[in-house]
Every structure is written in structure tokens, then in C-alpha cells.
Amino acid sequence: MVLNSLDKMIQLQRNTRNIRNICILAHVDHGKTTLADCLISSNGIISSRLAGKLRYMDSREDEQIRGITMKSSAISLHYEKDDQEYLINLIDSPGHVDFSSEVSTAVRICDGCIIVVDAVEGVCPQTQAVLRQAWLENIRPVLVINKIDRLIVELKFTPQEAYFHLKNILEQINALTGALFTSKVLEEWAKRETESQASSNSVPGEQVYDWSAGLEHTDDSHLYFSPDQGNVIFTSAIDGWGFGIEHFAKLYSQKLGIKTDVLLKTLWGDYYLNTKSKKIMKADQTKGKKPLFVQLVLENIWSLYEAVLKKDKEKIDKIVSSLGLKIGAREARHSDPKVQINAICSQWLPISNSVLDMVCQKLPSPLDIPAERVERLLCTGARTFDSLPPETQELKTAFMKCGSDDTAPVIIFVSKMFAVDAKSLPCNKPRPLTPEEIAQRREFARRRHAEKLAAAQGQVPLEPTLVGNTSEICPKKEETKNDEQLTSPAENITLKPVIQEAEDKDYFIAFARVFSGVARKGQKIFVLGPKYDPAEFLRRVPLGFSASSDDLPSIPHMACCTLENLYLLMGRELEDLQEVPPGNVLGIGGLQEFVLKSATLCTSPSCPPFIPLNFEATPIVRVAVEPKHPSEMPQLVKGMKLLNQADPCVQVLIQETGEHVLVTAGEVHLQRCLDDLKERFAKIQISVSEPIIPFRETITKPPKVDMVNEEIGKQQKIAVIHQTKEDQNKLPEGVQVDADGLITITTPNKLATLSVRAMPLPEEVTQILEENCDLIRSMEQLTSSLNEGENTQMIHEKTQAKIQEFKQKLEQNLQGRKWRNVVDQIWSFGPRKCGPNILVNRCKDFKSSVWQCLESKCIKDASKYRDFDNSIISGFQLATFSGPMCEEPLMGVCFVLEKWDLSKFLGQGVTEKPEEELDRGETAVLSRDSKSPTENEQFQDDSPETLEKKSKRKGETLLADCYGPFSGQLIATMKEACRYALQVKPQRLMAAMYTCEIMATAEVLGRVYAVLSKREGRVLQEEMKEGTDMFIIKAVLPVAESFGFADEIRKRTSGLASPQLVFSHWEVHHLLTVTKQVISVGLNFSYVPWRGQVGLDASGVLFPA
Ligand SMILES: Nc1nc2c(ncn2[C@@H]2O[C@H](COP(=O)(O)OP(=O)(O)OP(=O)(O)O)[C@@H](O)[C@H]2O)c(=O)[nH]1
Ligand SMILES: [Mg+2]
């Protein structure tokens, strides 16, 4: 087959109805790239013999060596069926959990996906993860059950056993789909109920709703995978075959004289054929009737495999001739049965036809984008579609129309940036010759030949020639330039190609999709950052302003750029395009300066940025890097910047200590990032630290029993008093602690006093806080916009309901005397205002709780305290950001501000300047856009009237001071108070934990357990995989012990088991405590986890550095 010409592809790109943007998703090693090879070979891009061996989409060297895909990459294919021509934009994605962010970048720009499942391994953890990602992105899936050959060759199943096994896999995957669907339907139903409830203004809480009612009303049959629905096919990508039941239904309807429709419905399922009456009956296993699928489909395939494996030449010939196939002599004689099977099956049941047929029939075109998906893409943060400006809402029509007329706004989403070698850009590659050039060359070659002949006869000396890919002229040319006769042809041939200055530079290309309008080369377009707000633009800039205008006013989070180059993505190659019609996947050059990782591009400023990609992986593995030669630091810094741009998931940090830190999703990802840094982006030698394991600091309840297991009943009081005294001794002068752990501390200028207590939060509460991180962030945004006096229309009922629900959950889990009213008094979350720690304000008159956003109006009193409030909150943020044990963030701690006393500050008058040196560093945290506070400053814990009078008198100076030195002192004091409050409680470290699922056979099970227990792993579950002799072990393992774990398991089990590690949670280690003075380690950690803060002495004891 011939490689499709670029013109053909350009033509296909215009027919939006026949475009399919799809990605292949699966667990690692289930055969995505092999399947992609088969599809690519159908277009003649690679030879069919190499399909499966080449792994064309794995273009990186390390992908080929390790045999796993590490990035998602796209290729455009052509498919023709029933007079219709289709353009398939296919994206192959990685299955390894470390690269799951690449899956997120792929699903965002697709409309459908092929979920591949290994017929032996069945549904695996990543299968679940990718199915969930497809659901969250609202793209439609189809299923490919791959590696059917393994059921025949490895598991040696009979066709009947194979059928039940496949049925089982389908049930499992449908159960997953069902769970996703049910949760979604219930959520929607709940939303609808809430809305109708709100509109009818009925009294809430009195009715009991039957949530399951929603399920009955919704038709979900089309969602499930079933061969009779046409959304499941069975393949062996390595042997090049695949089929859906449609193929066999058509075949047998002719042979048996049964209608295709009937066969389509019965070929899969418990039906059998009554040969006498030629009727299809419901199967009855007890009578030993084989299901149709076994009898008509699987048995044929099984007998072919059997014949080939047994080298039964006669039978093979019979099958080949009965199928009407022609097998090449080379394949027919080949000694490897795989080659024969491939030759026969790929003709009989070509895999590409069955897969692409299903894709074209069952997956939607860009024109069928669901309205729900569009609305979701446009609603960032807590907003709902209805709350967007009308101009923005109008864009929905443009999305749905996917129009290419000039009036259609151009909307493009860039899901990642990837680096390519400048040499591989189309402009730097030898281009194909034009017909004139070919004629010229022919003429030149003819002359050369004549000259050669002449030379052979000793008449004319041999002269210069064209070498290599004709891109260079032989150096001898210079010497012979006087020879007219010979130089003229060479001069006439202006050979374009020419690697311009053979630049060794990397060039960034945006991996993108056009959602509306035609993207044209040279077009100007807005780049919208994630925080861009179209409402802000519409307020500030008159309508009618367009991207082509040069004098763009400065609008936050928006820039204007030019689409310098547009490319057709062809796997390892790129092709230049002048324009790209809507609904296509494309590459865009020239955005390096404008886009860091992802962005929304639009010609209309009323477009909001798309919602952020939904990443499943958590970057958790950190290393510090430095150049081998210190002078190469600038290269390293530049290289890290490029790496950050080229990888959707990596994080690059410079720590306070000046260390450059890479944060990656796992060991394999780390290795890839380091290779990229060394060989591509920095091109220097680097030294890499041992992995730095992140910890969290927390406190626990005091023990109820002592070391010898005796209850600490009455003795406790004495012990506590004793402890308090000890604690008091440890604390610096001026800091007081009471028996309950309440710390009272005064600012250095002695003008304000704070009393803070730390309490451990119940585990469930910490979990709720972690789960609702995004919600807390939007609450914070809402509150700040409330305080700025902004219009608060955008808080929708749905968000309100979510906040209410969050609050209720906290209340349910914070019961008892100790926690009374605590939820209403929550003042802030931390660190970064959204973490798993809370600050509670128990002072009188406290009003500005985090829940004020629920009331949709600014609480007036709040603004009176606001300026000093912020200092206290900042102190809390700093304290939760790095704890006293090893400067790691805190988790699960509640700080209660019991009292704050500012009377002295006001009494003494603020004109009196504090004597102490100010901590400038800390005050910097306060930098924020200040608004002039109200004239009345009022503080609690003092007689309000007197204070008010005083502050009125001194109003001016006081205001000037609230951002000055005093607030700095307040921040530092609050931070110290929190740290001391922690130190008087039992402090603990929390270790990061991975979960892993290991599949292993009974023989190697023991070895797997040995490795797990050596590394402090804990087995949660062990079960037998149905229908196989495999065990599935679910375990948790500290991240700290995970380095080399996968390799060790693979080695100890001779490659039979290979685990994938996914970050799961933080766990308190009661054996692992670190205090400033004493460090005791109960685990056999063989690394130094707190690099920079803690050292290791000669005897192996940790000490604070
Ligand atoms: N027996 C058999 N092996 C297959 C089949 N398809 C793929 N394989 C093998 O499975 C292994 C993994 O194949 P890949 O195509 O690289 O798998 P992948 O899903 O792309 O893997 P990742 O990209 O790393 O997630 C290779 O050794 C293939 O040869 C099949 O149909 N039958
Ligand atoms: Mg792959």
C-alpha cells in the first residue's frame, strides 16, 4: 500500500463528519503500541511484517530499550469503508502508572478511546484508572480484548473455557462502567433534586428522597460493552488478527441461511444452534450444548492454531484454501509457526479493518461533542455554566457547530508541549523533489554516465559528483569550477534540503486540537492562562476588540501570540500545514515563550480557559540535582526549565537551601527525566542525590498506657504536671505553657499576646480535608472576592450545596466536648490556605469564619479585624508549611487561638516604635493588594468603647502600622506559638505510602512476600484471579522503601511478577519520631530522609544538622 499523500490528509481534514480523534488506553503492556503498529501498517507507513516488532510510536530510545511507552504521540491515518473516507487521528498513550499524566493530555483532545485489555491478565488497576479518566473527560470508549492467542498457546484453554473467561472479563469491565455510571447518575439526580427544591422553596430536610429512583429512569444499555452492541472486538495484535461478531454474523448468515440480525443478537451469549431444525435456541449447559460463539467462532480459530502449531501441513492447506487465501511461499515454508499464523490470520481477519470499522461506526465525530462536555470544559473553579457572561455562553454554539466559516471563533486547546530535535522539523528536512528537479537530475545523471564512459576511454578526467542524499556538493567542485561543461548542471540544480546550520537546538511543539474555527499559519490569537477571567476582560476592554489588534491592553493572565507553524503529527514525523480545519489534532510551533505546559488559545477574549487536566498521578519522588562542574550551573538551570516545560507532570523547585530539586511521579519517571536532562536539555554531567522522601509532621494523642502496658490513670495528672514543668524548661523565656498544652507568647515588642493550643485532628477529618482541597481553594477565592466587594452572583447553588455538605461532614466527625462549635469557628486551612490543618478562632466576637462565603455577603465586622487577622493567618500558614521536627509540612493538626490581647499595643499608642530588629523576611509574606481599611479599628478582649475611641484618635497612625513592623512581629509570634504548641505534644512523622498490586503465580508467591516484608510492606489482600492460576496480592509499602522494589521483585521472580506503585496515603509511624534533641528510628530506613536538616553520624544515629 502506498503512503498517503499530504494532500489527501489535508482533504480529509476538511470533512469533519468523517474525522475520529481517538486514543488507545490500557494497563501497562496490554498491547497498545503493538495494536497501533497494526493500524499504522494498514496505511503502508510501516511494513506489515514489522508491525508489532517495530513499535513505531515508541520513538524514544529508552522506550525501545525498556519496552514501555513513556509519552503519548499522535499519528493521522486514512481509512476507507463503504465509499466513505475517514481520517483517524490516533494517539498512543503510556500504560505505566508513572506516566499517567500523559494519558490525561491525550484524552482531553479526543472524542473517543479504545480500551485495550489483555485476555489473560484481565482488568488491572490502570484499566480502571483509564476508564475513569475517559468518563471524567466524557469521551466514549470501545473495547479491544487483546492477546487472545495467549489463551490458546499459554493457558491452553479449550474454546469453551476461553468463552467463559472472556465473558468474565466483560462482566468485570461492565461492573466498573456500572459503578462510574451509577455515581454519575446519582450525582446528577441529586443536583436536579436540589435545584427543584431550591426553586420551589420548600422546607428542606423533611422529605426522604429515593436516590435510586434516578437509575430506573435512565437508559444505560448503550454504555456497556457487549459484542452484540458492536463495541467489543477480540484481537491478537501480535498475530495481526481481530474480529467483531459482525464479521461472523455476515459470514454465517449466508452459510446457514439465518438472518444477520438474528445472528448478531445471538452469536454472543448462551445460545446454541439446533442443526436439525436450523434454529437458534437458548442454550442449556446441562445438555452439553456449545454456545454459538464457541461453535462458530472460537473453534475455527483454535483449530487453525492447532494445525499450525502441530505443523499439520495438510490441514493448513485445507483451511487456507477453504478461506480462499493466498499465502506467500516464504511464509508457508517458514519454520516459525508465528509467521505462518500471522500470514494466514492477518489475511483472514485483518485486525486493522475490524478495529477501524468499530472506531468509525461506534465513536463520535467532532461534530457530536456532547453539550455536557462543552459546558464542563468551560467552567473552571466553582463556576457553573449559567453564571458565565452571556458572551461566553454563546461560545457553546461554536463548539457544537465546530464550524469552519470565517465568523467562527478559533478555539484551540494545548494539552502539552513536547520537544523535538530542530533537525526533524519539516523546514530542515530534505523535501521531495519537484518533477522539474527530477528531470534536471536525470539529465545530469545521463551526462555523468557519458563522462564516465569517456573517462574510461581516457579522454576526460573524472569530475565532481553529488553524494549522499544529494544535499551536498562534493568538495572537489571548487577546483574544477573552470570547467564549464561540468559545473553548469551542478549549479543549475539548487538542491533545497539542507540542514540549515545543523542546529542542535530543541524546538517545542504544542500538542493541540482545534475545537472551533480554522487555525491558520501566521494568525494572531490570545493565549489564556489558567487564571484568566473573561468577565474581567469584558469589563475592561470594549467589545469588538480582536486579537489582530496590536495595542493589547495588559490584561492579567492573557497574552497575544502568532501561530508560527502548524504541523500534521505523523508519529515520528511532522508535516507542514498552512491551515487546520476544526475538529483536528495538530502540532503548533512558536508557542514556547507563551505556553508552559498547557493553555487555551482563542481569537475571542470571551472564552474562559478550559478546566485543568485531570491528573491521576501525584509527584512524590524527589531528588536534588547539581552539575558535576559547578561552572555549569546556568546550563542546569536552563535545562531544568526546559524539562519542566516538556513534561506535563514533573515539578522543578529551587529550595531555600539553593538546592535544585526534581519532583517526579515514580522511579521510572525519575530516570526518564534525568536522562532527558543529561542528554537533551542541559547536556551536562549531573550529580543526583539519593531520593528525598517527603514526610508529614503531626501530633498524636498522649498515650493511655505506659511503657509496661499499665494504664496511666491517676498518675497521669502528676505526669502531666511533671511534663509541663519539663516542657517549660525546654521553652525559651517569655513563653508559657499550661498543663493542657496552651502556649502563651508575647510579641518581641511586648504589645500583643497570643494563646495557642495544638490538637490532633481525627483521621477521618484529615481525610475529608484532603479530599476537599479543591473545594477549599474555591471557598478561599469566593471569600476573597467577597471581601473585595465583587459581585457574588457566581456562587451557584451546586457549589453552595457542596460547601454545606463539606461542613456537615466535618461536624459529624468533630463530635464531643472538645470539638464543640469548632466547625463554625474555623478561620483558615493551611498550608497554602487549602491544606489538611485547621486554625480555629475561639476569641469572642469572632465572625469571619471560612463559612462566610456561604452567606454570599461580606460580613462587615470582619473587615474591622481584617488587617491583623491576616497576620495571624499568615503565621499559621508558615507554621503549617514547615514543622518543628524536620521542616516538613504538617498534617492533621488543629490549632486553636484561645486568646489574643492587643490592648497594650493600643494603650501604649502606636507612635512608639518597637525596639527590636524586624524580621523583614517574614513581613514579606504579607505583600498583597491592600485596600484602605475602615476607619474604626476595634479589638476584642478589651472594652470596645474605649478602644474605639482610642483607635479613632490614633486612626491614621494605626492604619499605617498594620502593614508595618507590628504585623511582621505578629506573624513571627503566631508561627512560634504554633511551633511550641506542637512541641509540647507527642510529635510524630507520617510516611508516604504506596499501594501496589502484584500478580504472581503460586511458585513465586513466597518470594514476593519475602521482598515485601523486607521492605516494611504490609499485605492487605491476597486472592486468586478467576480462571487462572495467578494470585493477586494487594499491599502497601512505604515510599521510602520502594526504590528498586519493582526491579527486585522482577529479579526474584524471574520476571514473572511486576508491580506498579501508586501513591496512596500518609501514615503515622509510631516508631519514627524526631525531635530537635533526640532522634529515634524504629524502621530500618537505609537512607537519610531529611537531607539538609538531619545528618547521620558514624554509628548510624541520626542527628539534627
Ligand atoms: N501474545 C501476545 N503478545 C502481545 C500481543 N500484543 C502485544 N503483545 C506483547 O505484549 C508486550 C507489550 O506490548 P506493547 O504493545 O508494548 O504494550 P503497551 O500496552 O504499548 O505497553 P506500554 O506502552 O508500556 O503501556 C510486547 O512484548 C508485545 O509483543 C498479543 O496479541 N499477543
Ligand atoms: Mg506502548
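In this predicted model, a polar contact joins the side chain of Q1060 to the side chain of H27, at 3.4 Å. The side chain of Q1060 also reaches the backbone nitrogen of V97, at 2.8 Å. Q1060 belongs to strand β36, which comprises residues 1060-1069, and it counts as buried because its relative accessibility is 11%, under the limit of 20%. When residues up to four places away in sequence are set aside, Q1060 touches H27, V28, G95, H96, V97, Q126, T995, C996 and E997.

The magnesium ion (ligand 2) is coordinated by the OG1 atoms of T33 and T69, at 1.9 Å. These two residues link distant parts of the chain, being 36 residues apart: T33 lies in helix α2 (residues 32-41), whereas T69 lies in the loop between α3 (61-66) and β2 (73-81). T33 is buried, with a relative accessible area of 7%, and T69 is likewise buried, with a relative accessible area of 8%.

Turning to the nonpolar interior, the largest nonpolar core contains 103 residues, of which I145, F293 and I301 touch the most other members. Helix α11 (residues 292-309) supplies the largest share of this core, namely 12 residues. Leaving out residues up to four places away in sequence, F293 touches Y163, L166, F234, F243, I245, L267, W268 and L298. A second core, separate from the one just described, is made up of 101 residues and includes I22, L662, F1045 and L1061. In soluble globular proteins, nonpolar side chains tend to be buried together.

An open sheet of four strands is arranged in the order β23-β24-β22-β25, with antiparallel pairing. Its edge strands, each of which pairs on one side only, are β23 (651-654) and β25 (686-688). On average, and with direction ignored, neighbouring strands of this sheet are turned by 30 degrees against each other. The pairing between β23 and strand β24 (residues 660-664) is antiparallel and extends over four bridges; within β24, L662 is the bridge partner of V652. L662 is also one of the residues included in the second nonpolar core.

Two helices accompany this sheet. Helix α21 (residues 633-646) packs on the sheet and touches β22 (621-627), β23, β24 and β25, with its direction making about 25 degrees with that of β24. Helix α22 (residues 667-681), for its part, lies across β22, β24 and β25 and runs at about 135 degrees to β24.

How values were computed: Residues numbered from 1 in each chain as written. Chains lettered and ligands numbered in written order. Predicted model: local features only at pLDDT ≥ 70, side-chain atom pairs only at ≥ 80, totals over all residues. Heavy atoms only, no water. Donors = N, O, S within 2.8 Å, 3.2 Å for Na, K, Ca; no water. Buried < 20%, exposed > 50% of the residue type's maximum accessible area, 1.4 Å probe, protein only. Core = buried A, V, L, I, M, F, W, Y, C linked by side-chain atoms within 4.5 Å. Contact = heavy atoms within 4.5 Å. Polar contact = N/O pair within 3.5 Å; in protein donor to acceptor, adjacent residues only side chain to side chain. Pairing = 2+ DSSP bridges. Axes fitted to C-alpha atoms, helices over the stretch in contact; angles between N-to-C directions.
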